[in-house]
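Welcome! Open your viewer, switch to a cartoon view, and follow along stop by stop.

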Amino acid sequence: MTAVLPVRTATTAPLAFDHETVVAATGTRSGLSMVVAVHSTTLGPALGGCRLWSYDSWADGLADALRLSRGMTSKNALAGLDAGGGKSVIMLPAGTVLEGDARRDAFLDLGDLVESLGGSYRTAEDVATTSADMAIIAERTAHVVGLPTETGGHGDPAEYTARGVYAGLRETLRRTTGSASVDGRRITVAGLGQVGSRLASRLAHEGAVLTVTDFNPARAQFAAELGATWVAPDEAHRVPADVFVPAGVGGMLSPAVIAELAATAVCGPANNQLAENDGDAQLRARGILYAPDYLVNAGGVIRLGDERSTDDEVFARIDAIERTLGEVFDESERNGVTSVEAADRLVAERLR
């Protein structure tokens with residue numbers, strides 16, 4: 001069963017249109033609106049997950065697909081994948097619970113839409129979608145990854161994403177404290193979903209002083225099991241920390257939150273953490289080091305983008321996020337630009 005999803009409002013104006021292909025449709029079975037956005041295939045067929053979400057308007061869903069697909073171009077390029085950037089969105093009416101035959105119909109419809117693009121886009125799971133949903137899509141198209149383990153896929157990529165964020169955390173701490181060790185460091189994890197909970201467990205095991213939060217109050221029990229301090233979601237950013245870890249939905253770092261942020265650095269798995277396009281400059285102005293989200297959360301897509309490699313081979317590539325982030329920070333310091341600008345320069349070099 002899928003929980004009722006909160007309504008998501010676009011946090012920034014839509015980007016200037018620079019996509020290769022955008023296809024919108026109403027599912028013939030489900031009647032739901034859906035979008036597939038292919039931003040770039042310069043490095044190979046676009047790769048990016050399918051998001052199931054409720055929006056204030058159809059235009060907000062479209063804007064989310066455009067923004068997320070553009071981010072996937074950057075993520076895949078920095079990860080060293082031969083893959084471009086794309087994203088798909090299935091839009092739910094507010095308060096809808098999608099389950100049973102209705103859920104199956106929605107993902108069959110999306111499979112048809114993906115198939116219509118002729119292989120220029122591969123989909124995978126994302127927010128509120130699962131490997132079981134990908135198996136339904138696979139009934140209609142071969143252009144899907146992240147299938148259940150029982151069918152030969154790799155299942156939920158959260159383990160790999162969490163590993164990549166951990167690699168990014170090590171480099172972030174090295175830059176701000178002189179040591180990559182998390183032992184004794186104050187770390188706030190905002191969001192205890194599949195990735196956030198895995199990351200929090202590892203950090204607790206390695207001796208971090210954890211503060212955690214989630215919009216689901218039932219997760220407080222998990223926090224207690226970790227020995228972490230639980231706070232309300234709207235208080236987490238005010239807790240003094242070495243690193244603040246956004247691990248929930250996007251847009252968490254609004255100008256108001258950045259102004260109150262009591263952390264030395266930000267490094268986390270949430271997509272589109274910056275609510276405004278100049279959020280990186282706002283963080284830099286406050287002396288807060290920012291690890292670009294589309295670099296540190298690339299562990300999952302590294303696994304999905306190369307399903308033939310062994311886990312050991314994939315882990316080595318994911319661990320290299322630490323080194324790549326170091327290159328981004330070096331570029332930022334050398335040229336006096338934000339870490340996002342520095343990361344975008346590396347993306348541009350790869351795309352050339």
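Two strands count as paired if DSSP finds at least two bridges between them. Keep in mind as you look around that this is a predicted model.

**Stop 1: the open sheet**

With that rule in hand, find the open sheet, which is formed by six strands in the order β10-β9-β8-β11-β12-β13, with parallel pairing. Which strands stand at the edges? Select β10 (229–230) and β13: each has a single partner strand, so one side of each is left without a neighbour in the sheet.

Now select residues 263–266, which make up strand β12. Two bridges join β12 to β13, and the two strands run parallel. To see where they face each other, show A265, which stands opposite L289 in β13. Next, bring in helix α4, which packs on this sheet and touches β11 (241–246), β12 and β13. The direction of α4 makes about 150° with that of β11.

**Stop 2: from α4 to α11**

Stay with α4, which spans residues 158–177, and show the side chain of R163. What does R163 form with D319? The two make a salt bridge, with their closest N and O atoms 2.9 Å apart. This pair links distant parts of the chain, since D319 belongs to helix α11 (residues 311–319) and lies 156 residues away from R163. Both ends are partly exposed: R163 has a relative accessible area of 25%, and D319 has a relative accessibility of 32%.

**Stop 3: helix α13**

Select residues 339–351 to light up helix α13, which has 13 residues. From its first C-alpha to its last, α13 reaches 18 Å, close to the 18 Å expected at 1.5 Å a residue. Which of its residues are buried? Colour S339, V340, A342, A343, L346 and V347 to see them. These buried residues lie on the same side of α13 because they cover an arc of only 165° around the axis. As background, an α-helix has 3.6 residues a turn, so residues three or four places apart point the same way.

What do the buried residues of α13 pack against? Show α1 (58–78), α8 (279–285), β13 (289–290), α9 (293–296) and α12 (321–335) to find out. You have met β13 before, at an edge of the sheet.

**Stop 4: more salt bridges**

Still on α13, show R345, which forms a salt bridge with E331, the closest N and O atoms being 3.2 Å apart. This pair links helix α13 to helix α12, with their positions 14 residues apart in the chain numbering. Is each partner buried or exposed, or something in between? R345 is partly exposed, with a relative accessible area of 38%, whereas E331 is buried, at 13%. Then select R170, E171, R174, R175, E322, D330 and E333, which are joined into one network by salt bridges that share partners.

For another pair, go to E206 and R202, whose side chains meet in a salt bridge (3.2 Å, N to O). A search of the whole structure finds 26 salt bridges, so there are others to look for.

**Stop 5: a hairpin**

Finish with strand β2 (residues 21–26) and strand β3 (residues 33–40), which run antiparallel and are joined by six bridges. Show V23 and its bridge partner in β3, V36. The hairpin has six residues between the strands, and G31 takes a positive phi near 75° there.

Note on methods. Residues numbered from 1 in each chain as written. Predicted model: local features only at pLDDT ≥ 70, side-chain atom pairs only at ≥ 80, totals over all residues. Heavy atoms only, no water. Helix = DSSP H or I, 4+ residues; strand = E, 2+ residues; numbered from the N terminus. Expected span 1.5 Å × (residues − 1). Buried < 20%, exposed > 50% of the residue type's maximum accessible area, 1.4 Å probe, protein only. Arc of directions from axis to C-beta. Contact = heavy atoms within 4.5 Å. Salt bridge = Lys/Arg side-chain N within 4 Å of Asp/Glu carboxyl O. Axes fitted to C-alpha atoms, helices over the stretch in contact; angles between N-to-C directions.
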